[in-house]
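Biologist: I would like a close look at a single part of this model, followed outward to whatever lies around it. Please take it slowly and give the numbers as you go.

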Amino acid sequence: MSGRRIVTGAVALLSAAAVLVGCGENSSDESRPDTVRLAVTDLQGLEELQREYGAFEEAFEKNSGLDVEFFAVNDRTAAAAALAADRVDVVFTGPAEYVVIHERTGAQPIVAIERDGYHSCIYTRADSAVTNLDQLRGQKVAMSDIGSTSGHLGPSQMLKDAGLDPTTEVEVLTVGDAVHAALKRGDVAAVGIGCHDYEEFMAEDNPEDYRLLAEGPILPPDLLVGREGLDAGTVATIQTTFREHFDELLDAMLEGKDNAKFANAKLVDVTDADYDRVRSMYQAVGVDDFSQFLGN
């Protein structure tokens, strides 16, 4: 990813908490608010948010001097609405979600988390005649959820890079968690999915029954984004906190069972331009207008 600098340590989600930025216009210590409102787009409800991030909340508050106030959102649409209405200060989200949220709210990256091995894979059955991506022309390919970075946008970009138009020359079926079962039944010629998911499927099945066709490049990282006008002094406090206390914050983050995907992650610096790759991925699947992802 261009313009990125690895900061240190190993956690991404961690960085998320770091960005629990507060609201306010004045950057002086005296006027800076001591509470930051944090939302996470892939968690449902306050109970789950507290369960996954409770230990991190405690560690972050201790090291930053700021209080964290969780704000539950159901999806990227709700997160964007909360940012626009000044009901939340920081959102921890994925690269595909960020592009959509930025389009509506102007939210900007604060810190980013590069997952270990975060890229897409396309695979087929070992008994298939398909041995390369070009042979998927005119075939059905199962992917996970519409707009998923590793399970939809990434594999679609891989097809396009191989010379196939994923909107006209391949029939892409977004079937959620049923992707592997669809291939196993023979309903599709191949599956495009995050490589971590591919590894999990292989651990539960016989890997000799499948053939990996291609692995994509490392995907842009997850990130913490702050609402427009977020106080620069508060942002700096957050960044300093996660840079100086990375290991402790990471251990706390990984207490959440759903955060295991961030093990061995790296904290990196990004700008909005680093997510132009994701915008190109959306174009690969025929999306130029993000309103369909924002409920309007």
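**Strand E2 and its surroundings**

Modeller: In this predicted model, Thr 35 stands opposite Asp 67 of strand E3, and that pairing is a good place to start. Thr 35 opens strand E2, which covers residues 35-40, while E3 covers residues 67-70. The two strands run parallel and are joined by 4 bridges. Between them the chain passes through helix H2, residues 45-64, and the β-α-β crossover made in this way is right-handed.

E2 also pairs with strand E4, residues 90-93, again in the parallel sense but here over 3 bridges. On that side Val 40 has Phe 92 of E4 as its bridge partner. As for how far the strand is covered, 5 of its 6 residues are buried, so E2 is largely enclosed by the rest of the structure. As general background for reading such a strand, side chains in a regular strand alternate between the two faces of the sheet.

The loop leading into E4 deserves a separate look, for Asp 86 lies there, between helix H3 (76-84) and the strand. Asp 86 has a positive phi of about 60° although it is not a glycine. In general, most residues other than glycine have a negative phi. Asp 86 is partly exposed, with a relative accessible area of 38%. A second example is found further along the chain, where Asn 264 has a positive phi near 65°, and this residue too is not a glycine. Asn 264 is placed in the loop between helix H9 (246-253) and strand E12 (266-268), and its relative accessibility of 54% counts as exposed.

Returning to the crossover helix, H2 carries two aromatic residues, Phe 56 and Phe 60, which are 4 residues apart, or about one turn of the helix. A search of the whole structure finds 5 aromatic pairs. In the case of Phe 56 and Phe 60, the ring centres are 5.7 Å apart and the planes meet at 25°; because planes under 30 degrees apart count as stacked, this pair is a stacked one. Phe 56 is buried, with 0% relative accessibility, and Phe 60 is likewise buried at 0%.

Another of these pairs is formed by Tyr 123 and Tyr 198, with 4.8 Å from centre to centre and 55° between the planes, an arrangement that counts as tilted. This pair links distant parts of the chain, since Tyr 123 belongs to strand E6 (residues 120-125) and Tyr 198 to helix H7 (residues 195-204), 75 residues apart. Both tyrosines, Tyr 123 and Tyr 198, are buried. Together with Tyr 210 they form one aromatic cluster. A ring of another kind of contact is that of Tyr 118, where Arg 115 lies over the face at 4.0 Å from the ring centre.

E6, the strand that holds Tyr 123, is part of an open sheet of 5 strands in the order E8-E7-E9-E6-E10, with mixed pairing. Its edges are strand E8 (171-174) and strand E10 (210-215), each of which pairs on one side only. From one strand to the next the twist averages 25°. Within this sheet, strand E7 (residues 140-143) and strand E9 (residues 190-194) run parallel and are joined by 2 bridges, and Ala 142 stands opposite Val 191 of E9.

Helices cover the sheet as well. Helix H5, residues 149-161, lies across E6, E7, E8, E9 and E10, and runs at about 80° to E6. H7 packs on the sheet too, touching E6, E9 and E10, with its direction making about 115° with that of E9.

To place these details in the whole, the protein chain has 10 helices and 12 strands, and 55% of its 296 residues count as buried. Among its contacts with a separation of 6 or more, 83% are between residues 24 or more positions apart.

How values were computed. Residues numbered from 1 in each chain as written. Predicted model: local features only at pLDDT ≥ 70, side-chain atom pairs only at ≥ 80, totals over all residues. Heavy atoms only, no water. Buried < 20%, exposed > 50% of the residue type's maximum accessible area, 1.4 Å probe, protein only. Pairing = 2+ DSSP bridges. Right-handed = clockwise from strand over helix to strand, strands pointing away. Phe/Tyr/Trp six-rings, centres within 6.5 Å; stacked < 30°, edge-to-face > 60°. Lys NZ or Arg CZ within 6 Å of the ring centre and 35° of its normal. Axes fitted to C-alpha atoms, helices over the stretch in contact; angles between N-to-C directions. Contact = heavy atoms within 4.5 Å.
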